[in-house]
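Thanks for sharing this one. Below are a few notes to read alongside the structure, taken one region at a time.

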Amino acid sequence: MLELIRKEVAAFFSSLSGYVILACFLIVNGLFLWVIPGVYNIPGSGLADLQPFFSLAPILYLFLVPALCMRLFAEEKRSGTLELLFTRPVSRAQIVFSKYAAGFGLVFLSLLPTLVYPVSLYLLAQPVGNVDLGGMAGSYIGLLFLSALYVAAGVWASAVTDNQIVAFLCGMAFSFLLYAGFDFLGDIPALAGYQGFLISLGIDYHYEPMSRGVIALGDVLYFLSVILLFLGCTVYRFKGIRQRFLWYLLAALILLNSWASGVYRRWDITDDKRYTLSENTRNLLEGLERPVEVDLFLAGNLPPGIQKLQYATTRMLEEFRRITGNRLNYRLIDPTEIRDPEEKKMLAQYLTERGIMPLNLNRLTEDETFQQQILFPGLVVYDDSTEVGVPLLQNLPMYSADENINHSAEALEYELTKALRLLIRQEKKSVAFLVGQGELPYPAVSDAAQLLQYYYQVDFVDPDTLGADPERYHALIIAKPSERFTERDKYIIDQYVMRGGRVLWCVDEVEMHHEALQEQETVFAMYRPLNIEDLLFKYGIRINPEILVDGNCVRIPVVTGMNGTTPVYTPAPWYYWPLLYPTGRNPVTAGIQPVKMEYANTIDTIGGNGLKKTALLASSRYSGVLKTPSPVSLAIAGEKMTEEKFNRSYLPVAVLVEGSFQSMFRYNRRADAAVAGEFQAESGYSKMIVVADGDVIRNEVKGVGESATALPLGYDEYGGRLYGNRDFILNSINLLCDDEGWMQLRGRHLSLYLLNTTKLKTERKFWQALNLLLPLCLITAGGALFYVIRRRRYRKI
């Protein structure tokens with residue numbers, strides 16, 4: 001068999017046609033990947049990713065592999081040497097497998113020059129070496145499986161004819177039908193009921209996960225089964241086996257693949273395990289009982305970054321579809337294909353009502369003019385009775401476009417599973433706002449309450465109601481109390497915490513009336529204790545009665561002059577209203593806009609109690625504090641930041657506390673309060689979030705009485721911008737009510753593999769020439785080496 005393999009490889013490299021075939025393959029690859037603009041262009045994507053190559057290679061191999069394999073048997077039959085070959089002391093099966101091994105070896109050799117591409121990306125990455133080597137290795141493994149199947153089809157096609165051209169066309173046709181034909185069949189309306197089954201018969205269904213670096217047991221068995229089937233048919237064609245054996249082989253392969261389709265065994269060999277779903281997600285999908293449909297509104301001619309988001313979304317939806325056994329299906333909708341203006345308007349309204357906002361882009365066309373394009377980066381998940389909209393694109397000003405796309409991909413699993421959980425939930429968990437201590441009235445928290453009502457049952461309760469049934473509510477919200485808590489109230493809250501209740505504290509201990517600045521230039525901010533200092537101290541938190549000032553802040557209009565009798569307003573920094581950014585990767589703050597605070601305090605954490613504290617929001621590098629009582633003056637808007645005033649950095653304002661809490665009343669400090677059940681001295685694992693600003697949950701209200709209108713939470717009416725307060729409050733409650741670990745998916749981190757655009761811009765022609773010409777030089781060098789070795793061998797003879 002080895003002699004037969006050497007014979008076929010030598011025959012290929014002894015002819016000029018072999019080099020021409022390989023050269024054409026490498027030239028086309030190099031042009032599409034490095035020179036010609038388009039979806040396959042690697043420099044145009046800005047990412048150090050070989051995915052364009054692994055998407056292009058299956059198409060090019062439809063031509064390359066049949067060209068390499070067309071002569072394997074057809075030439076033997078045409079020249080009459082096949083009968084002579086059959087007289088050799090080897091079986092028909094050994095001859096077929098030898099020819100197949102030779103063909104696969106040639107395809108493998110064609111892949112070796114393409115290793116120039118990952119080396120180039122390695123050197124072009126920012127920083128150097130920041131590439132997904134594991135994902136690339138897995139993708140090459142997938143491409144080897146794909147080419148092995150193409151070779152098997154080419155060997156069979158070469159065996160059925162003595163004409164190489166016919167063998168080439170047959171091999172290409174059968175490979176194409178296996179690659180895309182079943183997808184076309186699945187799109188036929190009459191076969192819609194069998195779409196999932198038909199698609200699973202095609203090559204692309206099994207190759208696509210491998211091209212991303214995900215090796216699944218079912219996909220490997222599929223490729224091996226089809227390869228064995230083609231080779232079995234080839235051996236049968238030469239009467240090497242009986243027809244009955246071929247039927248047995250087919251039946252065994254069908255049974256094996258049927259078993260594998262029900263077994264979820266996969267290996268994600270990407271460096272950051274980006275395609276590995278959590279156990280919660282798999283359990284959710286496996287337990288999905290009724291059909292669910294997903295409409296994804298990302299299709300058509302998309303910008304490169306949005307294409308990456310579309311690709312990540314469709315790959316995850318495809319994974320969901322596999323796990324659910326086709327109970328979840330999706331389709332892509334291109335809104336730009338809608339020509340009727342009224343229909344477009346209805347679609348835009350439909351998506352906006354579901355939280356999917358339009359994205360306006362100005363794209364540079366080929367004639368160097370700008371053309372407006374409106375996208376709806378989102379999807380709608382629905383069943384027979386319910387619809388849930390899912391916005392996909394995070395557009396945070398502190399991140400670049402590539403980072404925003406990456407953060408959007410990081411949040412995909414959480415956002416999709418959240419939509420599914422909303423779709424199939426049986427009942428809502430209960431959340432309560434505490435009242436009775438001068439908390440914010442309902443109009444001031446109406447936006448937060450209405451937001452939470454979509455996910456939870458929301459009530460407003462006083463301490464006595466809470467104490468009567470402390471286990472009813474999963475989370476308690478204390479929104480800017482202004483009156484002192486009694487010992488009875490504190491005891492009820494403490495026992496609520498000891499019984500596993502979670503609390504979101506939105507409290508501050510400085511009283512400042514901002515409205516008074518409209519009538520006077522200076523107002524004093526005063527210390528206002530709430531009598532909860534000892535309770536929070538027991539939970540590991542101390543709120544400092546001081547005002548945070550920060551250079552990263554909201555701007556407000558300040559009178560800077562007069563135009564006749566009309567005052568002239570100019571935006572000026574209001575250091576008392578800081579904009580706080582997340583500190584690190586946390587499920588609560590990942591991917592949200594800056595959070596707007598007003599006269600916030602700072603937090604110190606207390607150690608030695610076994611509790612874990614995590615800062616969620618903190619001040620910027622240039623911040624400071626003002627001790628109370630402190631004058632708050634409009635004059636500060638005209639002052640510049642100085643090191644004397646802004647000499648503090650990264651002061652915590654919001655902190656997550658986790659662990660087992662100790663009761664403040666465990667040592668004979670019990671108040672005279674009626675709380676259902678026995679006294680609890682210690683909680684199990686629990687958590688709470690403390691925010692040293694009550695205004696973080698307060699929305700502005702315009703008007704009075706029935707005409708009053710609540711503005712969105714976090715809306716800056718001066719700047720016309722919506723900050724991240726709504727997301728922060730919702731994520732905080734979601735984390736507090738999450739006992740299954742779903743929120744951890746929001747803190748997921750995926751590596752961003754970027755190209756060094758500066759280096760690529762200055763050296764573009766060099767890298768284009770390198771990746772276009774070096775593979776050709778390697779083929780030429782290999783051919784020259786083969787010629788020298790062959791010449792020396794025959795000279796000795």
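Which residue of strand 26 stands opposite Cys506? Please keep in mind while looking that this is a predicted model.

1. The partner is Val691: in strand 26, this residue stands opposite Cys506. The two strands involved are strand 13 and strand 26 (residues 682-691), which pair in the parallel sense over four bridges.

2. Strand 13 also pairs with strand 12 (residues 475-479), again in the parallel sense, and here there are five bridges. One place to check this by eye is Ala475, whose bridge partner in strand 13 is Arg502. As a general reminder, strands of a sheet pair through backbone hydrogen bonds, either parallel or antiparallel.

3. Now follow the chain between those strands. Strand 12, helix 22 (residues 487-498) and strand 13 together make a β-α-β unit, and the unit is right-handed.

4. How is strand 13 placed relative to the rest of the structure, and where do its side chains go? Five of the five residues in strand 13 (residues 502-506) are buried, so the strand is largely enclosed by the rest of the structure. Arg502, Leu504 and Cys506 point one way, while Val503 and Trp505 point the other way. Residues on both sides are buried, the charged-type name Arg502 included.

5. A separate stop is the open sheet made by three strands in the order 14-15-24, with antiparallel pairing. Strand 14 (510-511) and strand 24 (630-633) are at the edges with a single partner strand each, so one side of each has no neighbour in the sheet. Between strand 14 and strand 15 (residues 522-527) there are two bridges, in the antiparallel sense. Look for Val510, which stands opposite Tyr527 of strand 15.

6. Helix 13 (residues 217-237) is worth a look for its length. Its 21 residues reach 30 Å from the first C-alpha to the last, close to the 30 Å expected at 1.5 Å a residue. Just after helix 13 comes Lys239, which takes a positive phi of about 60°.

7. Finally, turn to the surface. Val119, Tyr122, Leu123, Val128 and Leu133 make a nonpolar patch of about 450 Å². Helix 8 (residues 116-124) gives the most to this patch, with three residues. Leu123 is found in helix 8, and Leu123 is partly exposed, with a relative accessible area of 36%.

Methods: Residues are numbered from 1 along each chain as its sequence is written. This is a predicted model: local features need pLDDT of at least 70, side-chain atom pairs count only at pLDDT 80 or more; totals for chains, interfaces and linings use all residues. Side-chain values use heavy atoms; hydrogens and water are left out. The expected span of a helix is 1.5 Å times one less than its number of residues. Two strands pair if DSSP finds at least two bridges between them. Buried means under 20% relative accessible area, exposed over 50%, partly exposed in between (1.4 Å probe, protein chains only). A crossover is right-handed if, with the strands pointing away from the viewer, the path from the first strand over the helix to the second runs clockwise. Patches are made of residues with over 30% relative accessible area and no salt bridge: like charges are joined within 9 Å, nonpolar side chains (Val, Leu, Ile, Met, Phe, Trp, Tyr) within 5 Å. Accessible areas come from the Shrake-Rupley method with a 1.4 Å probe; for residues, only the protein chains shown count as cover. A salt bridge is a side-chain nitrogen of Lys or Arg within 4 Å of a carboxyl oxygen of Asp or Glu.
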